[in-house]
Amino acid sequence: MTTSQTFPNHFLWGVATAAHQVEGNNVNSDCWFLENLPGTIFAEPSGDAIDHYHRYREDIALIAGLGFTSYRFSLEWARIEPEEGEFSTAALNHYRRVLEACHEHGLTPVVTFHHFTSPRWLLAAGGWEDAATPERFARYAERVMDHLGDLIGVACTLNEPNLPWLLKELGIGGVPAEGRGEVPIWAAAAERLGIEAARVAPFQFTVSGPGFDVKLAAHHAARDVIKARRPELMVGWTLANTDIHAAEGGQANADRIRREVNERFLEASQGDDFVGIQTYGRTVFGPNGVVHAADGVPTNQMGEEIYPEGLEATIREAARVAGIPVIVTENGLATEDDTQRLSYLRTAVAGVASCLADGIDVRGYIAWTAFDNFEWVFGYGPKFGLISVDRATQERTPKPSAHWLGGMAQNNGAELELEELPA
Ligand code: BGC
């Protein structure tokens with residue numbers, strides 16, 4: 001057996017982006033609003049980003065030219081529905097052209113309907129804890145399907161609905177409703193929006209019971225709308241699933257966190273056509289919380305251990321708990337050293353091959369991310385891109401890792417020697 005047989009025909013080899021991180025000037029979004037508030041937790045505003053909104057044609061041609069077969073990107077709700085109930089045909093037409101460019105270049109478009117950012121009006125209306133949000137999201141999904149549905153290759157409803165619960169355990173976000181008034185950014189947001197601080201509930205930072213229920217209901221409502229129009233289209237959501245380990249004495253804590261952050265959401269994925277897995281490494285928990293990488297252990301730009309083996313573990317966990325096909329919709333490394341990234345990707349892809357060899361139904365491997373871009377609260381510092389961008393000139397330069405992974409796409413994994421697979 002050769003590894004070229006390990007990866008099934010039509011396996012998706014791709015790179016991903018998210019609208020707010022690359023498009024630029026997403027001025028009607030809640031994230032733009034939060035970036036520019038007094039007391040903001042964002043290192044810098046997103047600004048022009050990498051101007052993908054205008055450069056998508058060249059960007060898509062570049063991705064295809066590197067050999068990839070798929071491009072995952074997101075639609076920006078705040079552009080499509082800038083005021084509640086007011087839909088922009090021009091914005092929908094823009095995304096239609098993006099989808100057409102993917103098809104012209106032979107890329108299967110994996111389309112995320114919501115990647116963290118929402119319209120600012122939604123934030124003012126109670127955001128991701130408000131009972132009417134699932135209905136609002138389904139109405140937007142309906143417009144998207146009517147305008148773009150025929151060109152979508154795979155549909156992802158929500159990106160990382162579970163992230164806030166992971167951030168809470170890492171001690172870097174996930175504020176429950178009662179504490180929001182004391183945090184300067186949420187207090188400032190509440191004042192500008194003219195609502196109570198407890199009602200400021202953006203997607204990526206909100207941890208609460210209603211937050212879980214609203215997201216799950218929104219996912220189901222959008223899934224139903226999408227399936228009603230395209231029954232054969234694969235629909236799922238994508239999850240932030242870190243590989244959870246226990247340090248000495250931390251087993252009970254790690255088990256509780258695995259249940260809350262990973263398994264609960266994987267169980268909720270049952271009934272979907274696939275689940276998107278987004279893994280960057282592992283997280284070790286002791287009895288009192290996260291245990292950081294020891295001195296001397298190689299780390300990424302965020303100071304986390306470099307652990308590409310985590311992907312294989314989370315694919316196996318997803319297949320076991322959700323029992324549905326898996327697509328790796330994000331996996332990557334923040335580093336200035338592309339040699340490190342290449343070696344990371346090689347191990348991660350070998351992990352995927354090992355899962356496939358064991359009969360696990362993995363449909364694709366989509367790396368995060370196509371271009372160095374706006375890494376949310378960290379700004380433009382972290383470099384996750386397979387393609388670098390000079391933001392002064394907007395010039396794009398593929399890194400060796402882009403050529404390597406694009407080559408893998410072209411020969412459907414044949415380059416990965418069998419002996420390199422983990423035992
Ligand atoms: C998100 C991306 C983000 C990446 C790296 C995921 O949580 O979906 O938008 O840039 O991880 O941190």
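Which residues in helix 6 meet which residues in helix 8? In this predicted model, the helix 6 side of the contact is formed by Thr89, Leu92, Asn93, Tyr95, Arg96 and Leu99. Helix 8 contributes Arg143, Val144, His147 and Leu148. By class, the residues of this contact divide into five nonpolar, three polar and two charged. The axes of helix 6 and helix 8 come within 10 Å and cross at roughly 55°. Helix 6 is therefore oblique to helix 8, since the angle falls outside the ranges for roughly parallel, roughly antiparallel and roughly perpendicular pairs. The crossing of helix 6 past helix 8 is right-handed.

Helix 8 itself covers residues 133-148. At 1.5 Å a residue, its 16 residues should span 22 Å. The end C-alpha atoms are 22 Å apart, which agrees with that expectation. Buried positions in helix 8 are Thr133, Pro134, Arg136, Phe137, Ala138, Tyr140, Ala141, Val144, Met145 and Leu148. Residues three or four places apart in an α-helix point the same way, because a turn takes 3.6 residues. The partners of the buried residues of helix 8 include both helices and strands. The helices are helix 5 (77-80), helix 6 (89-104), helix 7 (120-124) and helix 11 (209-229). The strands are strand 3 (108-114) and strand 4 (154-159). Val144 and Leu148 are buried in helix 8, and both also meet helix 6.

A second helix pair was examined. Helix 13 (residues 310-322) and helix 14 (residues 338-357) pack at an angle of about 30°. Their axes lie 7 Å apart. Helix 13 and helix 14 are therefore roughly parallel to each other, as the angle is under 35 degrees. Helix 13 passes helix 14 in a right-handed crossing. On the helix 13 side, Leu311, Glu312, Ile315 and Arg316 take part. They meet Ala348, Gly351, Val352, Ser354 and Cys355 in helix 14. Five nonpolar, two polar and two charged residues make up this contact.

Ile315 also serves as a reference point for Ala197. The C-alpha atoms of Ala197 and Ile315 are separated by 38 Å, with their positions 118 residues apart along the chain. Ala197 sits in the loop between helix 10 (184-193) and helix 11. Its relative accessible area is 15%; Ala197 is therefore buried, the cut-off being under 20%. Leaving aside residues up to four places away in sequence, Ala197 touches Arg180, Gly181, Trp186 and Ala190.

Helix 14 recurs in the surroundings of helix 15 (residues 400-410). The buried residues of helix 15 are Ser401, Ala402, Trp404, Leu405, Gly406, Met408 and Ala409. These pack against helix 14 and against four named strands: strand 1 (12-16), strand 11 (362-368), strand 12 (387-390) and strand 13 (395-398). Just after helix 15, Asn412 takes a positive phi of about 50°.

Strand 12, a partner of helix 15, holds Val389. With a relative accessible area of 16%, Val389 is buried. Val389 and Asp372 are 17 residues apart in sequence. Their C-alpha atoms are 6.1 Å apart in space. Asp372 is also one of the residues that Val389 touches. The others are Ile50, Phe371, Gln394, Glu395 and Arg396, not counting residues up to four places away in sequence.

Terms used:
Residues numbered from 1 in each chain as written. Predicted model: local features only at pLDDT ≥ 70, side-chain atom pairs only at ≥ 80, totals over all residues. Heavy atoms only, no water. Helix = DSSP H or I, 4+ residues; strand = E, 2+ residues; numbered from the N terminus. Expected span 1.5 Å × (residues − 1). Buried < 20%, exposed > 50% of the residue type's maximum accessible area, 1.4 Å probe, protein only. Contact = heavy atoms within 4.5 Å. Axes fitted to C-alpha atoms, helices over the stretch in contact; angles between N-to-C directions. Parallel < 35°, antiparallel > 145°, perpendicular 65-115°, else oblique. Left-handed = near helix turned anticlockwise from the far one by under 90°. Nonpolar A, V, L, I, M, F, W, Y, C, P; charged D, E, K, R; others polar.
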